[in-house]
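Work through these short exercises with the model open beside you. Try each task before you read its solution.

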Amino acid sequence: MISRPEGSLAQRKRQLVANELTEAALQLLARNGFDAVTIDEIVTAAGVSKRTFFRYFASKEDVVVQFLADMGTGIHAELAARPVEERPSVSLRHAVRVPLDACAGHSGRALRVVQLILRTPALHARFLERQAQWRDELTAELARRQGLDPDTDLYPRLAAGMALTAFDAVLQRWSGSDAAEDPAVLIDRAFAVIAPALDAVA
C-alpha cells in the first residue's frame with residue numbers, strides 16, 4: 001500500500017529534475033548558440049552532475065528533441081479530444097494552436113528556443129523528422145474521425161500535411177518577427193486560407 005505513493009513521489013522527483021535540466025539547457029542553448037554550449041555548462045547551470053544529465057538525455061541535442069516531442073504530443077492530444085462532429089478545419093486549428101499558445105505564454109524563452117531550432121541546421125533537421133512523425137499521427141487520427149482508411153484515402157494525409165504546413169509557416173513568421181506578431185492571429189489567417197480544402201471531405 002505504501003509503494004504506490006513512493007513511486008508517485010519518485011516519478012514527480014524525476015520529472016522535476018528533467019524539467020530543471022531542460023530549462024537550464026534550453027536557456028543556455030538559446031542564449032549562447034547550440035555549438036557554443038557544453039554539457040558541463042548545462043549541468044553546472046542546473047546544479048546536477050554529468051551522470052545525472054546522462055540518465056535523462058543522451059546528448060544536448062536530445063534536450064531539444066524532447067521539447068519537440070512534447071509539442072507533437074500536445075497537437076495530437078488536442079485533436080483527439082475535439083468533438084468528432086466538429087469541422088476538420090476547426091479541430092485542426094485548435095490542435096496546432098496548442099504549442100503556439102504555449103509559445104505566446106512564454107514568448108521570450110520560447111522565441112529563443114524556436115529561433116535556435118530554425119537557425120541550427122542539425123536541430124532543424126530533427127524538427128522536420130519530428131514533423132513527419134506528427135503527420136503520421138494526425139493522419140491516423142483524422143482517418144479515425146472521418147471513418148476513412150489512412151492507407152487508401154488521400155484526405156487524411158493531405159489534411160494533416162496542410163495543417164502542419166500552416167503551423168510551420170506561422171512559426172517561421174512569428175520567430176522572424178521576433179514575436180512582434182501574435183501567433184493566434186497568424187494561425188487564424190493561415191487556416192482561413194486552407195479551411196475550404198480541409199472541410200471538403202468526401
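Three exercises follow, each with a worked solution.

This is a predicted model, in which local features need pLDDT of at least 70, side-chain atom pairs count only at pLDDT 80 or more, and totals for chains, interfaces and linings use all residues. Residues are numbered from 1 along each chain as its sequence is written, and side-chain values use heavy atoms, with hydrogens and water left out.

**Exercise 1.** Place Ser 91 and decide: is Ser 91 buried or exposed?

*Solution.*
- Step 1: Ser 91 sits in helix H5, residues 88-105. Helices are DSSP runs (H or I, at least four residues), numbered from the N terminus.
- Step 2: Its relative accessibility is 1%, so Ser 91 is buried. Buried means under 20% relative accessible area, exposed over 50%, partly exposed in between (1.4 Å probe, protein chains only).

**Exercise 2.** Find what ties Lys 50 to Asp 40.

*Solution.*
- Step 1: Their side chains form a salt bridge of 2.9 Å, N to O. Such a bridge puts a side-chain nitrogen of Lys or Arg within 4 Å of a carboxyl oxygen of Asp or Glu.
- Step 2: Lys 50 is in helix H3 (residues 50-56) and Asp 40 in helix H2, so the pair links parts ten residues apart in sequence.
- Step 3: Lys 50 is partly exposed at 38%. Asp 40 is partly exposed at 42%.

**Exercise 3.** How far apart in helix H5 are Asp 101 and Arg 97?

*Solution.*
- Step 1: They are four residues apart, about one helical turn.
- Step 2: They form a salt bridge, with the closest N and O atoms 3.4 Å apart.

Notes:
Helix = DSSP H or I, 4+ residues; strand = E, 2+ residues; numbered from the N terminus.
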